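Work through the exercises below with the sequence and the 3D structure open. Each task is followed by a solution in steps.

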Amino acid sequence: MKPSFWRTRRLYRLLLTGKYQPYVFEGTIPDLPNSLGDIGLYLHIPFCKQICPFCPYNKVLLYGQDVDAYAEAVKKEAEMYRERLQASTVPSLYIGGGTPLASPRHLLDLIAFLTHSFRIGPEIGVEAHPSDASVENLSALRRSGVNLLSLGVQSFQDDLLQRISRPYDGEKAKEALANSMNADFDSVDVDLMFGLPGETEDQLGYDVEYALRSGIGQLSAYPLILFSFTKMPEILARSTFPKASWRQEKKMLQIIQELSKAYGYERTSIWTWTKKEKAQYTSVTRQDFVGFGAGAASRCSNVFYSNTCSVSEYVKAVDTRKLPIALSISLDEKDEIAWWLFWAAYRMSISRQEFRRLFNRELDSEFGLYLKALRYLGILKEEGTEYRLTDNGGFLFHLVEQGYSLDFLDGMWGALSSEAWPKRLVLG
Ligand SMILES: C[S@@+](CC[C@H](N)C(=O)[O-])C[C@H]1O[C@@H](n2cnc3c(N)ncnc32)[C@H](O)[C@@H]1O
Ligand code: SF4
């Protein structure tokens with residue numbers, strides 16, 4: 001049976017675009033504009049020293065991989081975009097994975113290459129795994145121009161880390177955080193997961209407070225999402241721990257929200273809390289972005305596409321000077337508006353001015369009835385020139401975002417991880 005969120009997504013599309021058809025991705029390379037304007041860059045490094053059972057991202061075991069060939073392929077792919085990006089300023093470069101620091105030498109080489117090839121700044125962000133967050137690695141990153149760090153802690157507690165097969169303990173996670181805080185980044189983000197197998201509210205409170213008390217710039221706290229193509233659903237089914245219910249998740253979100261507020265952090269998205277005057281680490285909410293690397297996604301004006309997830313096929317395609325795009329979909333204006341509204345709601349703030357700037361229309365004339373209903377239901381409130389999600393709205397969208405992950409991402413990443421070059425993908 002399809003997950004029940006399947007109906008939620010279809011309903012979302014119907015309500016916002018008037019369309020009830022499924023999304024159809026084609027296995028062909030789309031026509032891209034000759035000039036891309038100002039755009040964010042993302043680089044995907046798919047290597048990990050150990051594979052975590054819950055992880056949906058595109059990754060392979062590092063050992064036995066030809067990382068030299070991969071790094072060369074990324075440079076060639078970036079070259080293919082050089083003309084299109086010639087006139088662009090690139091406000092942000094985010095590097096994620098996988099674990100970008102799996103091979104520090106290759107990572108530093110790629111950062112140097114990209115910062116020389118494009119006009120990048122002010123944000124350069126990198127994800128770090130606690131096992132790689134040594135003083136030496138972090139100071140090399142800082143010297144290379146990286147100013148934002150996201151540390152994948154997940155929890156500071158030995159039992160929870162063991163249940164999700166993370167290869168370090170709480171002490172090591174704390175040491176990684178101390179190293180990150182001492183490395184002079186403009187902002188350090190800590191990723192925690194909540195609703196981990198058997199996690200209590202006290203354990204979550206401890207993790208959140210430990211992170212906030214260290215003075216981090218941002219806390220990201222994600223509910224454990226069970227992607228069907230990972231091992232986690234089966235591991236959980238075999239264990240004595242049930243999946244956290246929506247009521248437990250609601251309580252946990254409340255705990256995170258209250259602690260963050262008490263420590264002076266503001267909710268900047270459904271799952272992030274940022275300290276005032278600190279930069280936000282946000283690799284997913286840009287309007288337009290180009291992704292380099294195996295499995296990286298891009299959105300260039302009205303085209304959304306994903307590179308092949310196969311590392312060897314990625315290297316082969318780029319070697320023949322072919323863009324390594326595996327699936328793409330064109331968005332019409334209604335889809336673009338629905339996309340924008342989705343990410344605006346994720347950021348908890350729907351700005352009339354931004355809507356006007358992007359679509360040359362008035363938000364209230366397009367969606368007046370919905371906005372009124374959402375305000376009446378206590379999901380949105382008006383604040384100056386924007387609508388903000390209330391705490392209840394934040395919880396509702398936490399469910400919608402999980403539904404999107406379970407439906408859209410599970411379908412797309414599941415298909416791309418089982419086939420290098422799918423002919424077509426119909427979602428819905
Ligand atoms: C690319 S991942 C991990 C970065 C780095 N490789 C690491 O393991 O620390 C980014 C973040 O996504 C979150 N994440 C990964 N899988 C998840 C899942 N199944 N459900 C919820 N959050 C998840 C984790 O908090 C993780 O730190
Ligand atoms: S969570 Fe991080 S370390 Fe674990 S498999 Fe995913 S990308 Fe690799």
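## Exercise 1: a sheet of three strands

In this predicted model, three strands make up an open antiparallel sheet, and their order is E16-E18-E17.

Task: Explain why one side of strand E16 and one side of strand E17 have no neighbour in the sheet.

Solution.
- Step 1. Locate the two strands: E16 covers 349-351 and E17 covers 380-383.
- Step 2. Both stand at the edges of the sheet, and each has a single partner strand, so one side of each is left without a neighbour there.
- Step 3. Add the twist: on average, neighbouring strands of this sheet are turned by 25 degrees against each other, direction ignored.
- Step 4. Check one pairing. Strand E18 (residues 386-389) is joined to E16 by 3 bridges, and the two run antiparallel. Ile-350 has Tyr-387 in E18 as its bridge partner.
- Step 5. Look for helices on the sheet. Helix H13 (residues 363-376) packs on it and touches E16, E17 and E18. The direction of H13 makes about 125 degrees with that of E17. H11 lies across E16 and E18, at about 135 degrees to E16.

## Exercise 2: two helix pairs

Task: Classify the direction of H11 relative to H12, and then that of H2 relative to H3.

Solution.
- Step 1. Helix H11 (residues 333-346) packs with helix H12 (residues 352-359) at an angle of about 155 degrees, and their axes are 12 Å apart.
- Step 2. Angles over 145 degrees count as roughly antiparallel. H11 is therefore roughly antiparallel to H12. Their crossing is right-handed.
- Step 3. List the contact: Glu-333, Glu-336, Ile-337 and Trp-340 of H11 meet Glu-354, Phe-355, Leu-358 and Phe-359 of H12. By class, this contact has 5 nonpolar, no polar and 3 charged residues.
- Step 4. Turn to helix H2 (residues 67-82) and helix H3 (residues 104-117). Their axes come within 10 Å and cross at roughly 10 degrees.
- Step 5. Angles under 35 degrees count as roughly parallel, and H2 and H3 are therefore roughly parallel to each other.
- Step 6. The residues in contact include Val-67, Ala-71 and Val-74 of H2, and Leu-110, Phe-113 and Leu-114 of H3. The contact of H2 with H3 divides into 7 nonpolar, 2 polar and 6 charged residues.

## Exercise 3: buried or exposed?

Task: Decide whether Ala-338 counts as buried or exposed.

Solution.
- Step 1. Find Ala-338 in helix H11.
- Step 2. Buried means under 20% relative accessible area. Ala-338 has 6% relative accessibility, so it counts as buried.

Task: What covers the two faces of a strand can be judged from its residues; state which residues of strand E12 are buried on each side.

Solution.
- Step 1. Side chains in a regular strand alternate between the two faces of the sheet.
- Step 2. In E12 (residues 289-292), Phe-289 and Gly-291 lie on one side, and Val-290 and Phe-292 on the other. All of these are buried, and both faces are covered.
- Step 3. Strand E2 (residues 40-45) runs parallel to E12 and is joined to it by 4 bridges. Tyr-42 stands opposite Gly-291.

Task: Why is strand E10 largely enclosed by the rest of the structure?

Solution.
- Step 1. Of the 5 residues of E10 (residues 265-269), 4 are buried, so the strand is largely enclosed.
- Step 2. E10 pairs with strand E11 (residues 272-275) in the antiparallel sense over 4 bridges. The two form a hairpin with 2 residues between them. Glu-266 has Thr-274 in E11 as its bridge partner.

Key:
Residues are numbered from 1 along each chain as its sequence is written. Chains are lettered from A and ligands numbered from 1 in the order in which they are written. This is a predicted model: local features need pLDDT of at least 70, side-chain atom pairs count only at pLDDT 80 or more; totals for chains, interfaces and linings use all residues. Side-chain values use heavy atoms; hydrogens and water are left out. Buried means under 20% relative accessible area, exposed over 50%, partly exposed in between (1.4 Å probe, protein chains only). Two strands pair if DSSP finds at least two bridges between them. Axes are lines fitted to C-alpha atoms, for helices over the stretch in contact, and angles run from 0 to 180 degrees between N-to-C directions. Angles under 35 degrees count as roughly parallel, over 145 as roughly antiparallel, 65 to 115 as roughly perpendicular and the rest as oblique. A crossing is left-handed if the near helix is turned anticlockwise from the far one by less than a right angle, and right-handed if clockwise. Contact means heavy atoms within 4.5 Å. Ala, Val, Leu, Ile, Met, Phe, Trp, Tyr, Cys and Pro count as nonpolar, Asp, Glu, Lys and Arg as charged, and the others, Gly among them, as polar.
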